[in-house]
Amino acid sequence: MYRYDEYDHAIVQARVAQFRDQTRRHLEGSLSDDEFRPLRLQNGLYIQRHAPMLRIAVPYGLLASRQLRKLADITRRFDRGVGHFSTRQNLQLNWIKLEEAPDVLAELASVEMHAIQTSGNCIRNITTDQFAGVAPDEIADPRPWAEVLRQWSTFHPEFAWLPRKFKIGISGTTEDRAAIRMHDIGLQIVKNDAGEIGFTVYVGGGLGRTPLIARKVRAFLPWQHVLSYCEAILRVYNRYGRRDNPYKARIKILVKTLGTEEFTRQVDAEWAHLKEGTSTLTEAEVQRIACQFAPHPYETLPADDAGYQTQLRDEKAFSRWVERNVHPHRVSGYAAVTLSLKKPGVAPGDASDAQLDAAADLADRYSFGEARVTHQQNLVLADVRQRDLHALWLEARTLGFATPNIGLLTDMICCPGGDFCSLANAKSIPIAAAINERFADLDYLHDIGELELNISGCMNSCGHHHLAAIGILGVDKSGQEWYQITLGGQQGNNARIGEVIGRSFAAKDVPDVIERLIDTYIANRYDEERFLDTYARIGLQPFRDAAYPATTTGNAAKERTYA
Amino acid sequence: MPEQLIQGRQLADNRWTTLTIADDAGDTNLAHVAVPAGAVIIPAPLWLAQRAALIAREGEIGVSLASTFEVETLAADIAHFSLIAVEFPKFVDGRGYSTARLLRERYGYTGELRAVGDIGRDQLFYLSRVGFTSFLIPDGRDAAAALQSFNDFPEVYQSGVDQALPLFRRRAA
C-alpha cells in the first residue's frame, strides 16, 4: 500500500498543529462556535448528541495491520472501546472529547492516517471497491488513481468552501461495486481500443432528500487529464452551485437544473483552459504510486486445494460461510474473505477495540498485513490462501467475525441513527436489531437469498436506504419515530432508487412488515429468482397488499405523499 | 481590534478609499454617482456604467467584485485596474477563490488582489494560494496573530498561483 514520504508526513503533521491551535483558540473563546464549526468539520469532528464524533479517514478503505492496531488503541484510550465503520469506508468514534481531538489526530499521523476532509463542504475521502487489486474482473487497480486524487484533493485551496460536500468514487471493474453512480463524481476505469487507460466520467449522483443517479458526461477521459477534468467540474460547481439552500446545494441539483448537455458544455469550456496545464499527470508519478500497490508475493498454488475441498464437503457450517463470505481472487489458490460486522446483538458496522486488534492479527497471519473496509460496513482480508480458509474461519468464529450473511438480509447497512446522530429523525440501530433477531435462523436467511436491506435514520440517507431491495427510512411524525419502506432499489451498474410502498409504520411493526414482504416474495418467486427479480416481475402492488392487509390499497397509495 | 490591512505578509496601511453604493440603487442611478479623486475602489457595476469616463479619469482605480459577480465581464478591462477586491460575504462562501484564480491564471491580472469581508486567520493560507496579495481583516479579528498562518503548511500538493508546479512534478525532479 501507499507509504508516506517526507512531504506527506510534513503536510499531515502541519495539519495536526494547525487544528491544535484552532481548538486552543476555540476553547479560549477567541474562535466562536460559528467560526470553529466549519474548521472542525474539515477535520472530521461533529458535535453529536452525547459527545463529539470523530470521523477518521480510511483512504479508499485500505488499512495496514499497524493502522488497525492504532485504531484499536485510540478506541480504547480516547473512546469507549467501540468504533463504527461507515458506508464511506471511514471509521467513526462517538465519544471523543473535544480537547483530546488534537491528540487523537497526532496519534493517527504517527501511522500515516488523519481525519482530513471527512466532513464539511469540501472534497471527501475517495472511495472504491473493497476487492481492488484482487478482483478477477478488474480492468485496472483503482487504488493508485484514488491515491492520486487523495493527494490532489487534500487542502485544495480553491475547493475548500464548496456549496456542499463532494464525494468521488472510483471503480476498476466492469461490475460497479463502489456505487460510483451515487457519487458527485463517479469514475469508471475503462480501456480504449488502443488498450490505453482512461475514465468514463459520471457527475451528479447522490442520495439524501433528492436521490439522483449520476449522468455520464464523458465516455473516455485519458488518464493524463483526470485531475484537470475534475478541476473543471469542481470550478463550475464552486461558481454556480446553489448556496442559498443547503438541500439544493449538491452538484446533482446543478446538473439537473442545467441539463446534462449544458453542464457538460460548461465543464468542457472550462477544461479547454486547464487540460494542458501542469496538473496533467505524468507517467513517472503514476508509476511512483502504482508500484506501491504492486501485487503481493503470492505463492504458486493449485486452483483447488485438496484439503479445502474435503472441508467444504464435510462441514456444512464451513461451506455455508464460504458460500457467502468468500470471494474469488485473480490469483490461483487465493481468495478474498469478508469478516462480517453484522452479527445479532451488535450495531451494523461496529467493531470493538479487541476486534480491531484481532483483525490486525488475522491480517498479519493470513493476508499480507492488510485489511479493507467495505461500503457495506464489513472488513475484508483480500489475499487469503485457499488452504488457510478453514483455519481462518475457525478463528473468525471465536472473534465474532464469521456470521455467514454477506449479501443476505441481515448484512444490513445502517447509519448510527438517533442513538448518536443529532441529525436523525429516528433511531436505526434498534430497528436493525429487531430485524436481525427475526431473521436469525440461518436456514431461513439463506433460503431468502441475496437481498439488501438498508436503514437510514433520516433523509440524509447515510444508510443508503434508497439503494436497497428493501429500504427503511426513519421519519418524524409529530415528534414520534416512524419508518417508511421503499422497495426495489439497487446499486451497481443498474443503480435505481427504491419506490415508497405507502404510509409509514411504527417501530414495533417493522419486523412484521418485513416478514410479510419476504413471505410475498417467497410465495411468488420462481426457482432461482432473487427478491429484486421477483419484484421487477410482479411489481409493487402484491407487496403493498401484504404490507397493509387491513386497509385498502387506495388509502395506502394516497397517503404516500405525506408519509 | 479595528479593521486592519495585511499586505506583503505584514500589517500595512490602507491607502485606498472604498466607495459603496446602496443595494437598492438601480442602473440608472449608477451613471450619476460621483467617483471621488485619488485611489478609490468602486463596485464593478459602477465601473461598467461609467466605463468610458473612468478610463479617461486621472488616478488609480480599483473595482470590488461581489461574490456572485462573473469576472468574465471584466476580461477586457483588467489592465485598467490597480486593485481588484473580491468580497466574501461569509467565509464559507468559496466562490471568490475561483474568481481569484481566473483573474490571475486566465486573465493575466498582476495588480493587487484583495480579499475583503468575512475573512480571518484560518482563511489566509488558501486565499494566498489562489492569488490574493492583500487581506482586509475585519474589525474584531486579530490581524497580527493571523500573520503566522501564512506558514501553516510547509508543502502543498497542488499547483496554485503561488506555486506553478504540483508536488508530483517537484517530487520527480
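A:Arg385 and A:Glu299 form a salt bridge in this predicted model. Their closest N and O atoms are 2.3 Å apart. The pair joins distant parts of chain A, with the two positions 86 residues apart in the numbering. Over all chains, the structure holds 63 salt bridges.

**Links within chain A**

- A:Arg385 belongs to strand S15 of chain A, which covers residues 379–385.
- A:Glu299 sits in the loop between H9 and H10 of chain A.
- Aromatic pairs number 25 over all chains.
- One of them joins A:Tyr298 and A:Phe368, whose ring centres are 5.6 Å apart.
- Why is the pair of A:Tyr298 and A:Phe368 called edge-to-face? The planes of the two rings stand at 85°, so the pair falls in that class, which takes angles over 60 degrees.
- A:Tyr298 lies in the loop between helix H9 (283–290) and helix H10 (306–314) of chain A.
- A:Phe368 lies in the loop between helix H12 (353–366) and strand S14 (370–373) of chain A.
- A:Tyr298 and A:Phe368 are 70 residues apart, and their pair also links distant parts of the chain.

**Domains of chain A**

- Chain A is split into four parts: domain 1 (6–109), domain 2 (127–290), domain 3 (306–399) and domain 4 (413–562).
- The C-alpha centres of domain 1 and domain 4 of chain A are 34 Å apart.
- These two domains touch: nine residues of domain 1 of chain A are in contact with eleven residues of domain 4 of chain A.
- Domain 1 and domain 4 of chain A bury about 800 Å² between them. Carbon and sulfur atoms account for 49% of that area.
- Which three residues supply the most of the area that domain 1 of chain A buries against domain 4 of chain A? They are A:Gln48, A:Arg49 and A:Thr87, which together give 58%.
- The side of domain 1 of chain A that touches domain 4 of chain A has two nonpolar, six polar and one charged residue.
- Between domain 1 and domain 4 of chain A there are zero salt bridges. Two residue pairs are in polar contact, both residues being at pLDDT 80 or more.

**Where chain B meets chain A**

- On the chain B side, 36 residues are in contact with 47 residues of chain A.
- The two chains bury about 3,700 Å² between them, and carbon and sulfur atoms give 54% of it.
- B:Tyr126, B:Tyr157 and B:Arg171 supply 20% of the area that chain B buries against chain A. No other three residues supply more.
- Nine salt bridges run between chain B and chain A.
- B:Glu72 and A:Arg239 form a salt bridge, with their closest N and O atoms 2.7 Å apart.
- Across the interface, 24 residue pairs are in polar contact, both residues being at pLDDT 80 or more.
- Which elements of chain B give two or more residues to the side that touches chain A? They are helix H4 (95–106), helix H5 (124–129) and helix H7 (167–171) of chain B.
- H4(B) gives the most, with seven residues.
- The side of chain B that touches chain A divides into 16 nonpolar, five polar and 15 charged residues.

How values were computed. Residues are numbered from 1 along each chain as its sequence is written. Chains are lettered from A and ligands numbered from 1 in the order in which they are written. This is a predicted model: local features need pLDDT of at least 70, side-chain atom pairs count only at pLDDT 80 or more; totals for chains, interfaces and linings use all residues. Side-chain values use heavy atoms; hydrogens and water are left out. Contact means heavy atoms within 4.5 Å. Buried area is the accessible area (1.4 Å probe) that two parts lose on being put together, summed over both. A salt bridge is a side-chain nitrogen of Lys or Arg within 4 Å of a carboxyl oxygen of Asp or Glu. A polar contact is a pair of N or O atoms within 3.5 Å; within protein, one must be able to donate a hydrogen and the other to accept it, and residues adjacent in sequence count only if both atoms are side-chain atoms. Helices (H or I, at least four residues) and strands (E, at least two) are DSSP runs, numbered from the N terminus. Ala, Val, Leu, Ile, Met, Phe, Trp, Tyr, Cys and Pro count as nonpolar, Asp, Glu, Lys and Arg as charged, and the others, Gly among them, as polar. Domain bounds come from an automatic or database domain assignment. Rings of Phe, Tyr and Trp (its six-membered ring) pair if their centres lie within 6.5 Å; planes under 30 degrees apart count as stacked, over 60 as edge-to-face and the rest as tilted.
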